[in-house]
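This report looks at how strands pair, how charged side chains meet, and which residues are hidden from the surface. Please keep the sequence and the structure in view while reading.

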Amino acid sequence: MTREEMREIEPHVGGVAALHVPQEGIVDYARVCATLVAKLAAGGVKVITGARVNRMLPRSDGWTIETTAGEFAADFLINCAGLHCDRVAERAGERREVRIVPFRGEYYKIRANRQNLVRHLIYPVPDPRFPFLGVHFTRLIHGGIEAGPNAVLAFAREGYKKTDFRAADLWDALTYGGFWRFMRRYPSMCWYELRRSFSRELFCRSLQRLVPEIQPGDLDTGGAGVSHPMATSFRISVSSPGPMRCTC
């Protein structure tokens, strides 16, 4: 879309051109997961949560998984442990060649009286040099508009606040060579992200590339998420002989 065409849809948007995705949408993932659990349970599947995995022992016909909720047998494993997937894989006997390095993404929310600046979801063209998407505007499932995130090193794998700290997680990141290679390759970007974490004005300047009219006073502090962009190449190989029983 040309600048004139995109401003018919988003009157306050900046930029020179855009891709329009009319199928855009937002999802309440908590409800999605609850619905999936209900459907699985209706099919006779038992879903266990809040169980820490202590050991995973390979057998000739599959695996034995020892957890705080008991012992389970499986033909194969699906490792979807998010911020801890490298450690879970290591407990399954895999070499931890790539590690999780947690980055916190911090958000602002647009004040109610300025939410007319954004009608839909507005995303930038990502820079392929970096594993980060860049700041964007997202309408929330329960109302409101979120703006962000930046990307700064978190001092804990579940470090959703600046004050969150876990020595083992930070040590794990700082002793990983991949982290330092990234820092050496992109020092200016890392410094900029850190400064933006402590400056509403600098953060707003990034948002103004998408919506030029937005001002620092239009922003309220929002939440944060933690991602692991430096571990996207991690893999775990498994085999699954016979009928499948799966433990996630």
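Tyr-108 stands opposite Ala-147 in strand S7. The model is a predicted one. Tyr-108 also has a bridge partner in strand S9, namely Thr-221.

**Strand S5 and its partners**

S5 covers residues 103–110, and 6 of its 8 residues are buried, so the strand is largely enclosed by the rest of the structure. A residue counts as buried when its relative accessible area is under 20%. S5 pairs with S7 (residues 145–148) in the antiparallel sense over 2 bridges. With S9 (residues 219–227), S5 shares 7 bridges, and these two strands also run antiparallel. Another partner of S5 is strand S8 (residues 152–153), again antiparallel, with 2 bridges between them. Within that pairing, Arg-104 has Val-152 of S8 as its bridge partner. As a general point, side chains in a regular strand alternate between the two faces of the sheet.

**Salt bridges**

How many salt bridges does the structure hold? The count is 16. Three of them are listed here, each with the distance between nitrogen and oxygen.

| Acidic residue | Basic residue | N to O distance |
|---|---|---|
| Asp-86 | Arg-157 | 2.7 Å |
| Glu-90 | Arg-96 | 3.5 Å |
| Asp-169 | Arg-166 | 2.9 Å |

Asp-86 and Arg-157 form a salt bridge with their closest N and O atoms 2.7 Å apart. This pair links distant parts of the chain, since the two residues are 71 residues apart. Asp-86 belongs to helix H3 (residues 85–91), whereas Arg-157 sits in the loop between S8 and helix H4 (167–174). Are these two residues buried or exposed? Asp-86 has a relative accessible area of 1%, so it is buried. Arg-157 is buried as well, with a relative accessible area of 1%.

The other two pairs in the table can be read in the same way. Glu-90, which forms a salt bridge with Arg-96, is partly exposed, with a relative accessible area of 42%. In the pair of Asp-169 and Arg-166, Asp-169 is buried at a relative accessible area of 4%. Arg-166 has 43% relative accessibility and therefore counts as partly exposed. Salt bridges that share partners join Asp-86, Arg-87, Glu-90, Arg-96, Arg-99, Arg-157, Arg-166, Asp-169 and Asp-172 into one network.

**The buried side of helix H4**

Which residues of H4 are buried? They are Asp-169, Leu-170, Asp-172 and Ala-173. These residues cover an arc of only 155° around the axis, so they lie on the same side of H4. What covers the buried residues of H4 includes H3, S8 and helix H5 (177–185). Asp-169 and Asp-172 thus appear twice in this report: they are among the buried residues of H4, and they are members of the salt-bridge network.

**Cysteines**

A disulfide is a covalent bond between the sulfur atoms of two cysteines. A search of the whole structure finds 0 disulfides. Two cysteines can still be described by their accessibility. Cys-80 has 56% relative accessibility, so it counts as exposed. Cys-204 has a relative accessible area of 0% and is therefore buried.

Definitions and conventions: Residues numbered from 1 in each chain as written. Predicted model: local features only at pLDDT ≥ 70, side-chain atom pairs only at ≥ 80, totals over all residues. Heavy atoms only, no water. Buried < 20%, exposed > 50% of the residue type's maximum accessible area, 1.4 Å probe, protein only. Helix = DSSP H or I, 4+ residues; strand = E, 2+ residues; numbered from the N terminus. Pairing = 2+ DSSP bridges. Salt bridge = Lys/Arg side-chain N within 4 Å of Asp/Glu carboxyl O. Arc of directions from axis to C-beta. Contact = heavy atoms within 4.5 Å. Disulfide = S-S within 2.5 Å.
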